[in-house]
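Visitor: I would like a close look at a single part of this structure, followed by whatever else can be said about its side chains. Please explain each term as you go.

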Amino acid sequence: MTDEQYYAHRWLSRMWDENVEVEQLKGRQEEIIGSMSGIGKYDSENIPAQTGENGSESKLIEFSLVSEQLEKKLHRISFENSRTLQIIDKVNSSMLRGMLIARYLRRMSWTDVGKLYNYEKTQTYEKYRIEALSAVYPFIPKGEVADE
């Protein structure tokens with residue numbers, strides 16, 4: 001992979017870590033909702049005591065904070081996905097555009113991208129991945145990806 005192709009990959013995948021955070025925040029929301037299901041159960045961590053703490057209130061506060069973070073991250077991902085789609089849309093080949101959208105917006109593996117087009121993993125990864133990254137590189141904004 002050339003430096004240009006690597007840069008294109010890095011720019012296109014810039015939201016992946018944030019996407020993982022979103023999935024984790026959604027998971028935490030589900031855990032909080034599950035713990036407040038209203039079904040009576042013994043909870044050794046939330047035994048009512050005279051400490052002035054309210055377990056339900058604490059969970060609602062946490063749910064609110066998690067929801068706020070989730071909303072901010074989803075907004076940022078949506079904004080960046082729009083930018084990414086505008087860049088990918090400049091690629092001439094509809095097949096390469098489709099592959100780039102599947103990989104970098106839907107976050108599919110290259111193996112799954114190849115299955116969409118009935119290609120074997122090696123052909124998709126070794127040939128079309130390189131072609132797609134080369135085709136999109138000229139349109140990628142420069143200087144937005146920090147060097148590792």
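Visitor: Is helix α1 (residues 3-12) largely enclosed by the rest of the structure or not enclosed, and why?

Guide: This is a predicted model, in which local features need pLDDT of at least 70 and side-chain atom pairs count only at pLDDT 80 or more, while totals for chains, interfaces and linings use all residues. Residues are numbered from 1 along each chain as its sequence is written, and side-chain values use heavy atoms, with hydrogens and water left out.

Helix α1 is largely enclosed by the rest of the structure, because seven of its ten residues are buried. Buried means under 20% relative accessible area, exposed means over 50%, and partly exposed lies in between, with a 1.4 Å probe and protein chains only. Helices (H or I, at least four residues) are DSSP runs, as are strands (E, at least two), and they are numbered from the N terminus. The buried residues of α1 are Q5, Y7, A8, H9, R10, W11 and L12.

Next come the aromatic rings. Rings of Phe, Tyr and Trp (its six-membered ring) pair if their centres lie within 6.5 Å; planes under 30 degrees apart count as stacked, over 60 as edge-to-face and the rest as tilted. By this rule there are four aromatic pairs. One of them joins Y104 and W110, edge-to-face, at 6.3 Å centre to centre and 75° between the planes. Y104 and W110 are both buried, and together with W16 they form one aromatic cluster. Another pair, Y119 with Y128, is stacked, at 4.7 Å centre to centre with 25° between the planes. Here Y119 is partly exposed, at 24% relative accessibility, whereas Y128 is buried, at 8%.

Some rings carry a charge over the face. This is counted if NZ of Lys or CZ of Arg is within 6 Å of the ring centre and within 35 degrees of the ring normal. R129 lies over the face of Y125, 3.8 Å from the ring centre, and K142 lies over the face of Y137, at 4.2 Å.

Last is S35, in helix α2 (residues 16-35). S35 is partly exposed, with a relative accessible area of 29%. Its side chain makes a polar contact with the side chain of K59, at 3.4 Å. A polar contact is a pair of N or O atoms within 3.5 Å; within protein, one must be able to donate a hydrogen and the other to accept it, and residues adjacent in sequence count only if both atoms are side-chain atoms. S35 and K59 are 24 residues apart along the chain, and their C-alpha atoms are separated by 8.5 Å. A polar atom of the S35 side chain also lies 2.8 Å from the backbone oxygen of I32.
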